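Here are some exercises to work through with the model open beside you. Try each task before reading its solution.

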Amino acid sequence: MTILVVGIFEHPSDAALAIEAVREQGIKPKQISVVTKQKNTLKMISHDTGIGRTESGEGNEGLFGTAKALGVGLEMLPDTAVAAGPAARKLAGADLEGDGLAVSLISIGIPQEDAKIYARHVGKEHIIVMVTLEEKQNQQAISTLFEQHHAIPPASP
């Protein structure tokens, strides 16, 4: 059975350090996904931790990506999520103003109520780190590492 452990981080350095600590426990990069609102933040985390390239979703590269970024900046288009890791294809480009990201999180196995909470945190520019564990791996150890690196509770404002 696969288990998903999720941590919410306010600061990129906390998220990056948590990912490094998780990797030191033998967790492979292909087991770690990250989603946030800030593309540059995620690019830095991805580069520093080796979790994979940052994805922005379809149409976010080249001329159309520039036009979309301009539209988001001028508040003409809704903001979207950026993601890295194995879940990036399902999460990247998800709408942050509607239920788009919550629905995408549900599609990777996160319960509906939790998905709504995580999507709200992404909208606040927090960083969501998700670690997929096999049954034999220690879920509590990963949760403890997240706590040691200043993960915030889901209910926090």
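**Exercise 1: a helix on the sheet**

Task: find which strands helix α1 lies across, and its angle to β5.

Solution: Start with α1, residues 12-24 of this predicted model. This helix lies across β1, β2 and β5 (127-133). Now compare directions: α1 runs at about 10° to β5. Helix α7, residues 139-148, packs on the sheet too, touching β1 and β5. The direction of α7 makes about 5° with that of β1.

**Exercise 2: two helices together**

Task: work out how α1 and α7 are oriented to each other, and which residues make the contact.

Solution: First, take the axes of α1 and α7, which come within 9 Å and cross at roughly 150°. Next, angles over 145 degrees count as roughly antiparallel, so that is how α1 and α7 are oriented to each other. The crossing of α1 past α7 is right-handed. On the α1 side, the contact is made by Ala18, Ala21 and Val22; on the α7 side, by Ile142, Leu145 and Phe146. Finally, sort the contact by class: six nonpolar residues, no polar and no charged ones.

**Exercise 3: the strand order**

Task: trace the open sheet and say which strands stand at the edges.

Solution: Walk across the five strands in the order β1-β5-β2-β4-β3, with antiparallel pairing. At the edges you meet β1 (3-9) and β3 (54-55). Each has a single partner strand, so one side of each is left without a neighbour in the sheet. Now zoom in on β2 (residues 32-36) and β4 (residues 82-84), an antiparallel pair with three bridges. Val34 has Ala84 in β4 as its bridge partner.

Technical notes
Residues are numbered from 1 along each chain as its sequence is written. This is a predicted model: local features need pLDDT of at least 70, side-chain atom pairs count only at pLDDT 80 or more; totals for chains, interfaces and linings use all residues. Side-chain values use heavy atoms; hydrogens and water are left out. Two strands pair if DSSP finds at least two bridges between them. Helices (H or I, at least four residues) and strands (E, at least two) are DSSP runs, numbered from the N terminus. Contact means heavy atoms within 4.5 Å. Axes are lines fitted to C-alpha atoms, for helices over the stretch in contact, and angles run from 0 to 180 degrees between N-to-C directions. Angles under 35 degrees count as roughly parallel, over 145 as roughly antiparallel, 65 to 115 as roughly perpendicular and the rest as oblique. A crossing is left-handed if the near helix is turned anticlockwise from the far one by less than a right angle, and right-handed if clockwise. Ala, Val, Leu, Ile, Met, Phe, Trp, Tyr, Cys and Pro count as nonpolar, Asp, Glu, Lys and Arg as charged, and the others, Gly among them, as polar.
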